[in-house]
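Please look through the sequence and the 3D structure shown here before reading on. The report that follows takes up the interior, the aromatic rings, the helices and the loops in turn.

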Amino acid sequence: RLSPDQFAEISRLVSQSSGINLTQDKLELVNSRLQKRIRANRLAHFGEYIDLVKSDRGRDEFDEMISALTTNVTSFHREPHHFDHFAQTCLPLLRRRLAAGEQVRIWSAGCSNGAEPYNLAGIILDNMPDAERADLRILATALDPKVIAAGRQGVYNQDFVGKLPQQYLAGWFDKTGDGY
């Protein structure tokens, strides 16, 4: 079991490296997710695990810990009303700014495997095909190195694209075996 002192130490490490604030109500979540990492490393208890992630030899495991503690729930059009709002409210402003030769920067924070920024890019390009020649950039960030690597690949299975309207699926993706 994860003791309150051990939880505090893990919380401090996670906060220092990622900015994630693990409040006391997350103790059980941290306990259950890191129990799997303790077993995977064949360790006896949380004290050994904390020693490992703090050591030089535990750098890879530190990344595994961050992966275990982040919630990577994402998909294309996961909350369609957000993308509808973007298209109706933000696109007219973007169009005016780009037409005036201004820079446009969009930050998609906590975007896991990249579905959200790719979704935004598709909506922008569907509505403003000339945007690819404009000074428009989308910055996508996430904490989990595994999901960042997956996002860079840009290959998604049916679970991730299933909520997309058919015209987007057909226009934005190429079918590749089991995915897009």
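Which residues does Phe173 touch, not counting residues up to four places away in sequence? In this predicted model, Phe173 touches Phe76, Tyr156, Val161, Leu164, Tyr168 and Tyr180.

**The nonpolar cores**

Phe173 also belongs to the largest nonpolar core, a set of 23 residues in which Phe86, Leu94, Ile106, Ile124, Val161 and Phe173 are those with the most contacts inside the core. At least two residues of this core come from each of helix 5 (80–99), strand 1 (104–108), helix 6 (115–127) and helix 9 (166–172), and helix 5 gives the most, with five residues. Apart from this core lies another one, made of 19 residues, which include Ile10, Leu22, Val30 and Val53.

**Aromatic rings**

A search of the whole structure finds six aromatic pairs. Two of them are set out in the table below.

| Aromatic pair | Arrangement | Centre to centre | Angle between the planes |
|---|---|---|---|
| Tyr156 and Phe160 | edge-to-face | 6.0 Å | 65 degrees |
| Tyr168 and Trp172 | stacked | 4.4 Å | 10 degrees |

In the edge-to-face pair, Tyr156 has a relative accessible area of 2% and is therefore buried, whereas Phe160, with a relative accessible area of 23%, is partly exposed. The stacked pair sits within helix 9, where Tyr168 and Trp172 are four residues apart, about one turn of the helix. Tyr168 is buried as well, because its relative accessible area is 16% and the cut-off for a buried residue is under 20%.

The aromatic residues can also be viewed as a group, since Phe76, Tyr118, Tyr156, Phe160, Phe173 and Tyr180 form one aromatic cluster. One member of that cluster, Tyr180, has Lys175 lying over its face, at 4.6 Å from the ring centre.

**Helix 2 and helix 4**

How far apart are the end C-alpha atoms of helix 2? Helix 2 covers residues 27–40, and at 1.5 Å a residue its 14 residues should span 20 Å; the end C-alpha atoms are 20 Å apart, so the expected span and the model agree. Helix 2 nevertheless has a kink of about 25 degrees, which is centred on Leu34.

Leu34 is also one of the buried residues of helix 2, together with Leu27, Val30, Asn31, Arg37 and Ile38. These buried residues pack against helix 1 (4–18), helix 3 (46–54) and helix 4 (59–69). Just after helix 2, the chain reaches Arg42, which takes a positive phi of about 55 degrees.

Helix 4, one of the partners of helix 2, has buried residues of its own, namely Glu61, Phe62, Met65, Ile66, Ser67, Ala68 and Leu69. The elements that cover them include helix 1, helix 2, helix 3 and helix 7 (145–153).

**Residues in the loops**

Most residues other than glycine have a negative phi. Against that background, two loop residues deserve a careful look.

His77, which lies in the loop between helix 4 and helix 5, has a positive phi of about 55 degrees although it is not a glycine. With a relative accessible area of 5%, His77 is buried. Ser112, placed in the loop between strand 1 and helix 6, is another residue other than glycine with a positive phi, in this case near 55 degrees. The relative accessibility of Ser112 is 7%, and so Ser112 counts as buried.

Is Gly110, in the loop between strand 1 and helix 6, buried or exposed? Gly110 counts as exposed, because its relative accessibility is 61% and the cut-off for an exposed residue is over 50%. The C-alpha atom of Gly110 is separated by 7.2 Å from that of Leu143, although these two residues are 33 residues apart along the chain.

Val73, in the loop between helix 4 and helix 5, counts as exposed at 51% relative accessibility. Val73 and Ala134 are 61 residues apart in sequence, and their C-alpha atoms are 31 Å apart in space.

Conventions:
Residues are numbered from 1 along each chain as its sequence is written. This is a predicted model: local features need pLDDT of at least 70, side-chain atom pairs count only at pLDDT 80 or more; totals for chains, interfaces and linings use all residues. Side-chain values use heavy atoms; hydrogens and water are left out. The expected span of a helix is 1.5 Å times one less than its number of residues. The bend at a residue is the angle between axes fitted to the seven residues ending there and the seven starting there. Buried means under 20% relative accessible area, exposed over 50%, partly exposed in between (1.4 Å probe, protein chains only). Contact means heavy atoms within 4.5 Å. A nonpolar core is a set of buried Ala, Val, Leu, Ile, Met, Phe, Trp, Tyr and Cys residues joined through side-chain atoms within 4.5 Å. Rings of Phe, Tyr and Trp (its six-membered ring) pair if their centres lie within 6.5 Å; planes under 30 degrees apart count as stacked, over 60 as edge-to-face and the rest as tilted. A charge sits over a ring if NZ of Lys or CZ of Arg is within 6 Å of the ring centre and within 35 degrees of the ring normal.
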